[in-house]
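Biologist: Please take a close look at one part of this model for me. I would like the charged and nonpolar side chains along it set out in order.

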Amino acid sequence: MMTRLAWPENNNQQRKVQEEAEEVKVIMMDNMEKTEERKEKVQDLDERAGELKSKSFHKTAMKVQKQMKCDNVKASWKLIAVVGAMAAIIIIVAIIMWVNKKSSPEITHERVITPMHENGITPTTNGPGM
């Protein structure tokens with residue numbers, strides 16, 4: 001008799017275990033689906049982040065490029081100003097030297113040749129009567 005009572009009890013336990021296993025299976029399948037959905041969402045977010053990062057990088061690169069162009073233009077104008085100022089100084093100094101040269105008496109070291117007469121005597125002026 002005891003063996004007969006054990007069977008139904010054993011059947012009930014087995015059914016409970018199978019039901020619990022089925023519940024765990026359902027929960028695991030649900031978790032796997034949720035995990036797959038999350039994986040897809042994470043991939044989507046990763047792609048969006050990559051696009052945003054790319055756009056942000058491009059935007060920053062364009063700003064830097066504009067700044068570099070402005071800096072190059074400023075440097076070019078500064079160089080032109082410096083070269084122009086130096087050229088003006090050189091021209092002013094050259095003009096001043098040229099004006100001073102014209103206004104100051106020239107000192108020449110030329111040898112004066114006095115004409116000679118036929119006898120080889122050089123005429124001299126010693127006074128009004130000669």
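Modeller: A salt bridge here is a side-chain nitrogen of Lys or Arg within 4 Å of a carboxyl oxygen of Asp or Glu. By that rule the structure holds 2 salt bridges. Bear in mind that this is a predicted model.

The part to look at is helix α1, which covers residues 2–103. The protein chain has 1 helix and 0 strands. Of its 130 residues, 0% count as buried. The chain exposes about 13500 Å², and carbon and sulfur atoms supply 62% of that area.

Start with the negative charge. E19, E20, E22 and E23 gather in a patch on the surface. One of them, E22, sits in helix α1. What is the relative accessible area of E22? The value is 45%. E22 is therefore partly exposed, as that class lies between the 20% limit for buried and the 50% limit for exposed.

Next come the salt bridges. Side chains of opposite charge can pair when their charged atoms come close. D30 pairs with K34, and their closest N and O atoms are 3.4 Å apart. That distance falls within the 4 Å cut-off, so the contact counts as a salt bridge. Both D30 and K34 belong to helix α1. They are 4 residues apart, about one turn of the helix. Neither partner is buried: D30 is partly exposed at 34% relative accessibility, and K34 is partly exposed at 38%.

The other pair is R48 and D44. Their side chains meet in a salt bridge, at 3.4 Å from N to O. R48 and D44 are separated by about one helical turn, because they are 4 residues apart in helix α1. R48 has a relative accessible area of 48%, so it is partly exposed. D44 counts as partly exposed too, at 33% relative accessibility.

Now move along to residues 75–99. UniProt, in an unreviewed entry, places the feature "transmembrane region" there. In the model this span is 100% helix and 0% strand. The C-alpha atoms at its ends lie 36 Å apart.

Which residues form a nonpolar patch on the surface? They are I91, I95, W98 and V99. Together they have about 410 Å² of accessible area. I91, one of the four, lies in helix α1.

To recap helix α1: E22, from the negative patch, is in it. So are the salt-bridge partners D30 and K34, as well as R48 and D44. I91, from the nonpolar patch, also lies in this helix.

Methods
Residues are numbered from 1 along each chain as its sequence is written. This is a predicted model: local features need pLDDT of at least 70, side-chain atom pairs count only at pLDDT 80 or more; totals for chains, interfaces and linings use all residues. Side-chain values use heavy atoms; hydrogens and water are left out. Helices (H or I, at least four residues) and strands (E, at least two) are DSSP runs, numbered from the N terminus. Buried means under 20% relative accessible area, exposed over 50%, partly exposed in between (1.4 Å probe, protein chains only). Accessible areas come from the Shrake-Rupley method with a 1.4 Å probe; for residues, only the protein chains shown count as cover. Patches are made of residues with over 30% relative accessible area and no salt bridge: like charges are joined within 9 Å, nonpolar side chains (Val, Leu, Ile, Met, Phe, Trp, Tyr) within 5 Å. Lys and Arg count as positive and Asp and Glu as negative; His and the chain ends are not counted. The place of a charge is taken as NZ of Lys, CZ of Arg, CG of Asp or CD of Glu. UniProt positions are given in the numbering used here, feature names are shortened, and annotations may be inferred rather than shown by experiment.
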